[in-house]
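Visitor: I would like a close look at a single part of this model, with its surroundings described afterwards. Please keep the account plain.

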Amino acid sequence: MVLAIINSLFTDNVKLLKTDASKTAYQGVAIAITTIIIATGLVCYFEKGSLSLEGIWAAQKNNIALWMLNFVPFVFGIWGQHSNSLIAHQAGAMIVDQTQELRTKADNLEKQTAYVSTHDRLTDLPNRALFYDRVERAIISTLSSDNPHRRLSILLIEIENFKDIYDTLGRNSSDLILKQISTRLQGVSLERDVVAKIDGNVFGVLLSEIYKEKKAEEFAQQIQKTLESSFIVDRLNVAIHPNVGIVHFPEHGEDVDTLVQRAGVALHIAQKSNKGYALYDSSFDKHTPLRLTLISELRHAIEREGLELFYQPQVSIKTGGICGVEALLRWNHPVHGFVPPDEIIPMAERNRMIKPLTQWVLRRAFRDCANWHKQGLPIKISVNLSAKDLHDPELPDLISGVAVAAGIKPEWIMLEITEGSVMSEPENALVIIQRLHEMGYRFSIDDFGTGYSSLAYLKKLPLTEIKIDKSFVMDILTSENDAAIVKATVNLGHNLGLMVTAEGVENKETMTRLMDYGCDVAQGFFLSKPLSVENFNQWVHESNWKIASHEPHGDHSSPP
């Protein structure tokens with residue numbers, strides 16, 4: 001298209017040059033004719049004394065000089081046409097040369113444009129578009145191969161600490177590191193392999209001839225070893241932390257989009273792995289079509305009362321009285337069946353539905369609590385709060401409004417938080433927790449011992465209770481380590497003036513051991529599985545466990 005426009009422009013320029021040359025020739029002929037007319041008139045006037053047709057004809061007939069002058073227009077015309085041809089020839093030759101030069105430049109420009117559109121400008125590696133094309137070609141080649149054991153693998157490499165490097169060193173130095181990374185990746189790869197820069201700090205490698213399943217994982221280890229030595233930038237030694245996600249064709253997908261997407265899933269898992277690399281497994285994938293459907297339907301379930309709260313009883317180990325329940329979220333999907341809470345909460349947090357979900361749980365739990373107290377059952381309810389809840393400055397006002405509407409008192413409620421939810425943004429979380437504490441609500445640390453807590457922050461929390469995670473409690477009869485952890489946690493809680501609840505109590509022997517340790521409250525399947533509100537009401541009247549007249553309150557010198 002560009003060359004066609006150039007050729008058209010040069011053709012028009014040739015015509016213009018020829019026209020200009022012809023104009024000059026015509027002007028010369030006109031001047032010569034004018035000169036003949038003037039010369040003939042002067043000869044006639046000097047010879048006859050006046051101008052007349054007879055005198056002009058006589059001058060032309062008898063004057064030899066005028067004869068010679070009459071040939072001048074023809075000479076000008078012939079010379080003008082000759083000059084016209086010369087100029088046109090020279091112009092044409094010049095235009096041909098320029099056309100060829102511009103055609104060459106246009107070809108180079110088109111090639112450069114095509115190259116830039118398929119390569120990363122910084123590292124000169126193939127970009128995402130070209131990488132996808134190479135993978136598609138490799139898939140076709142693999143499918144047409146006579147070797148049934150031939151496969152191809154895709155590896156995605158991400159620099160985990162690149163943002164810290166960028167924030168510290170700036171763009172130019174970060175770009176230099178990316179260039180060095182690309183050079184090292186090309187060095188460790190074979191010539192037939194494709195190394196590409198997929199995104200800002202994400203690289204891709206296509207291993208097109210893989211016959212051993214472990215080859216890709218071995219290559220991932222080579223990549224980590226290649227990148228583990230420091231990079232020199234501005235006289236600084238900079239260490240990077242690469243993670244690698246791996247997929248195989250055809251096991252993990254039959255097209256390039258699926259393979260790269262699942263390599264990204266494996267890359268996310270690799271970030272949490274001690275190895276720094278991970279091979280994709282279907283259990284990793286949190287973005288299946290089913291989950292997209294659940295995300296949409298979770299919103300409808302919240303709005304249309306499609307969720308339920310189940311309650312698991314808590315019993316005083318000393319007295320055997322029912323002193324409380326923990327509210328547990330349940331979603332029994334009409335098509336997909338039971339959806340675990342461990343999936344519901346992260347799904348709600350990722351998709352900005354945690355606030356309406358928390359509001360729904362609070363309204364239902366507070367309503368049930370109010371109904372039990374109206375029936376003369378002095379039961380406290382433990383309600384779990386997520387990390388996102390503790391970072392919402394409107395949470396205290398939301399809880400206050402729901403409590404007033406339900407007609408409950410703050411001392412009937414225990415708000416359960418995890419160590420991780422506090423430690424993610426401790427300063428903001430402490431502000432929210434302190435506001436709720438001043439309103440009369442009590443707090444419990446759930447799954448104590450499983451997080452990465454800081455005692456410096458925990459001691460600042462206005463806690464009433466700590467709950468020992470069931471992973472420690474369930475094996476205290478067979479594991480000395482777990483028994484020591486549980487006993488030490490009970491002592492720690494009591495020394496801090498806190499009530500201690502043990503989760504995961506599965507049998508009478510565990511209950512007896514916890515009593516020996518001085519633990520205050522038990523919760524688990526030995527007492528009861530989580531129950532719907534209707535089934536819980538029935539269980540209260542039929543079980544051997546009776547409602548406690550006074551719940552444990554942390555006075556551990558004389559437990560209730």
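Visitor: Is Lys-467 buried or exposed?

Guide: This is a predicted model, and everything below should be read in that light. Lys-467 is buried, with a relative accessible area of 0%. Its side chain meets that of Glu-326 in a salt bridge, with 3.0 Å from N to O. The two residues belong to distant parts of the chain, 141 residues apart: Glu-326 is in strand E9 (residues 321–333), and Lys-467 is in strand E14 (residues 463–468). Glu-326 also counts as buried, because its relative accessibility is 4% and the cut-off for buried is under 20%. The pair does not stand alone, since salt bridges with shared partners join Glu-326, Glu-416, Lys-467 and Glu-503 into one network. Side chains of opposite charge can pair when their charged atoms come close.

Other salt bridges give a background for this one. By the rule applied here, the count comes to 14 salt bridges. One of them joins the side chains of Arg-137 and Asp-133, at 2.9 Å from N to O. Here both partners lie in helix H5 (residues 128–143), four residues apart, which is about one turn of the helix. Arg-137 counts as exposed, at 55% relative accessibility, while Asp-133 counts as partly exposed, at 27%. In the bridge between Lys-214 and Glu-217, the closest N and O atoms are 3.9 Å apart. Glu-217 is buried, with a relative accessible area of 12%.

Charge also appears on the surface in another form. Glu-136, Glu-254, Asp-255 and Asp-257 form a negative surface patch. One member, Asp-255, has its place in the loop between strand E6 (242–249) and helix H9 (256–271). Asp-255 counts as partly exposed, at 34% relative accessibility. Pro-250 is placed in the loop between E6 and H9 as well. The peptide bond leading from Phe-249 to Pro-250 is cis, with omega near 10 degrees.

Two further loop residues have backbone angles that deserve a note. Most residues other than glycine have a negative phi, and most peptide bonds are trans. Arg-235 has a phi near 65 degrees, a positive value in a residue other than glycine. Arg-235 lies in the loop between strand E4 (231–233) and strand E5 (236–238), and Arg-235 is exposed, with a relative accessible area of 85%. Glu-305, likewise not a glycine, has a positive phi of about 55 degrees. Its loop runs between helix H10 (289–303) and strand E8 (308–316). Glu-305 counts as partly exposed, at 45% relative accessibility.

Another loop holds a tryptophan. Trp-412 is found between helix H13 (395–406) and strand E12 (413–418). Trp-412 is buried, with a relative accessible area of 18%. Leaving aside residues up to four places away in sequence, Trp-412 touches Cys-369, His-373, Ile-379, Lys-380, Ile-381 and Gly-407. For Ile-379, the C-alpha to C-alpha separation from Trp-412 is 7.1 Å, with their positions 33 residues apart in sequence. A further pair involves Arg-367, found in helix H12 (residues 354–374). Arg-367 is partly exposed, with a relative accessible area of 41%. The C-alpha atoms of Arg-367 and Ile-408 are separated by 8.0 Å, and the two residues are 41 apart along the chain.

The chain as a whole can now be set around these parts. Its secondary structure comes to 20 helices and 18 strands. Of the 560 residues in the chain, 45% are buried, Lys-467 and Glu-326 being among those that count as buried. Among contacts between residues at least 6 apart in sequence, 68% join residues at least 24 apart. The chain exposes about 30300 Å², and carbon and sulfur atoms supply 55% of that area.

To return to the request, Lys-467 has a relative accessible area of 0% and meets Glu-326 in a salt bridge. That bridge links strand E14 with strand E9, and both residues belong to one network with Glu-416 and Glu-503.

Terms used: Residues numbered from 1 in each chain as written. Predicted model: local features only at pLDDT ≥ 70, side-chain atom pairs only at ≥ 80, totals over all residues. Heavy atoms only, no water. Salt bridge = Lys/Arg side-chain N within 4 Å of Asp/Glu carboxyl O. Buried < 20%, exposed > 50% of the residue type's maximum accessible area, 1.4 Å probe, protein only. Patch = residues over 30% accessible without salt bridge, like charges linked within 9 Å, V, L, I, M, F, W, Y side chains within 5 Å. Areas by Shrake-Rupley, 256 points an atom, 1.4 Å probe, with all protein chains shown as cover. Lys, Arg positive; Asp, Glu negative; His and termini not counted. Charge placed at Lys NZ, Arg CZ, Asp CG, Glu CD. Contact = heavy atoms within 4.5 Å.
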